[in-house]
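Okay, can everyone see the screen? I'd like to walk through one chain with you, starting from a single residue and working outwards.

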Amino acid sequence: MQLKSCPLLSAIILILVASFHYQALAISPSAIVGNWRPIPNLNDVLEIARFAVSEHNKKANVHLEFVKVVKGETQVVEGTNYRLFIIANDAAAGNAPGNYEAMVWDMPWKHFRELSSFVKV
């Protein structure tokens with residue numbers, strides 16, 4: 001059997017290829033894997049912020065008490081990295097509030113969550 005040229009099929013393929021190419025160019029740089037994006041609703045990350053404070057307390061043998069998240073960003077990797085700016089009260093300093101930056105790596109489908117770093121800023 002011999003294949004014949006089909007102008008209609010060629011036109012459809014050309015339109016599909018052009019459409020996918022246009023869509024690829026229209027992707028926002030913030031949607032690319034690896035870029036940090038702001039978290040619009042900080043209430044969405046309260047559980048992760050509390051986890052960060054709790055894990056830091058265990059690792060550093062301190063007694064911080066979570067107050068609130070003031071800023072946050074996410075980064076898509078194998079899972080999600082969270083960079084959270086947190087206010088926590090320090091029991092050793094008379095419950096004085098302090099500002100901290102916490103990094104948490106989360107892969108919920110693997111039931112994995114890890115505190116990568118927690119520093120006073």
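So, Asn-57: this residue sits in helix α2. Keep in mind that what you're looking at is a predicted model. Is Asn-57 buried or exposed? With a relative accessible area of 17%, Asn-57 comes in under the 20% cut-off, so we call it buried. And what does Asn-57 contact, once we leave aside neighbours within four places in sequence? Val-62, His-63 and Leu-64.

Right beside it in the sequence is His-56, also in helix α2. His-56 has 16% relative accessibility and therefore counts as buried too. With the neighbours within four places again left out, His-56 is in contact with Asn-61, Val-62, Leu-64, Leu-115 and Phe-118. Asn-61 has something else going on: just after α2, this residue takes a positive phi of about 50°.

Let's zoom out to the helix itself. α2 has 15 residues, and from first C-alpha to last it reaches 21 Å, close to the 21 Å expected at 1.5 Å a residue. Which residues of α2 are buried? Ile-48, Ala-49, Phe-51, Ala-52 and Val-53, then Glu-55, His-56 and Asn-57. A reminder on helices in general: with 3.6 residues a turn, residues three or four places apart point the same way. Here, the buried residues of α2 pack against β2, β3, β4 and β5.

Pick Ala-52 out of that set. Not counting residues up to four places away in sequence, Ala-52 touches Ile-86, Ala-102, Val-104, Leu-115 and Phe-118.

That takes us to the core. The largest nonpolar core has 19 residues, and those touching the most other members are Ala-52, Tyr-82, Leu-84, Ile-86, Val-104, Leu-115 and Phe-118. Where do the members come from? The elements giving two or more residues are α2 (46-60), β2 (64-77), β3 (79-90), β4 and β5. The largest share, five residues, is from α2. None of you will be shocked by the general rule: in soluble globular proteins, nonpolar side chains tend to be buried together.

Now the strands on the other side of that packing. β3 and β4 pair antiparallel, over eleven bridges. Then β4, residues 96-107, runs antiparallel to β5, residues 112-120, and eight bridges join them. If you want a residue to follow across, take Met-103. Arg-83 has Met-103 as its bridge partner in β4, and Met-103 in turn has Ser-117 as its bridge partner in β5. Further along, Asp-106 has Arg-113 as its bridge partner in β5.

The two hairpins here are worth a quick look. In the β3 and β4 hairpin there are five residues between the strands, and Gly-94 takes a positive phi near 70°. In the β4 and β5 hairpin there are four residues between the strands, and there it's His-111 with a positive phi, near 55°.

Next, the aromatics. How many aromatic pairs does a search of the whole structure find? Two. Trp-105 and Phe-112 form an edge-to-face pair, 5.0 Å centre to centre with 75° between the planes. Are these two rings tucked away? Trp-105 has a relative accessible area of 25%, so this residue is partly exposed. Phe-112, at 27% relative accessibility, counts as partly exposed as well.

Last, the whole chain. We have two helices and five strands, and reading along the sequence gives α-β-α-β-β-β-β. Of the 121 residues, 30% count as buried. Of the contacts with a separation of 6 or more, 44% are between residues 24 or more positions apart. The accessible surface comes to about 8,500 Å², and 60% of that belongs to carbon and sulfur atoms.

So, to pull it together: we began with Asn-57 in α2, followed the buried residues of that helix to β2, β3, β4 and β5, and found α2 giving the largest share of the core. Happy to rotate the view if anyone wants another look.

Definitions and conventions
Residues numbered from 1 in each chain as written. Predicted model: local features only at pLDDT ≥ 70, side-chain atom pairs only at ≥ 80, totals over all residues. Heavy atoms only, no water. Pairing = 2+ DSSP bridges. Core = buried A, V, L, I, M, F, W, Y, C linked by side-chain atoms within 4.5 Å. Buried < 20%, exposed > 50% of the residue type's maximum accessible area, 1.4 Å probe, protein only. Contact = heavy atoms within 4.5 Å. Expected span 1.5 Å × (residues − 1). Areas by Shrake-Rupley, 256 points an atom, 1.4 Å probe, with all protein chains shown as cover. Phe/Tyr/Trp six-rings, centres within 6.5 Å; stacked < 30°, edge-to-face > 60°.
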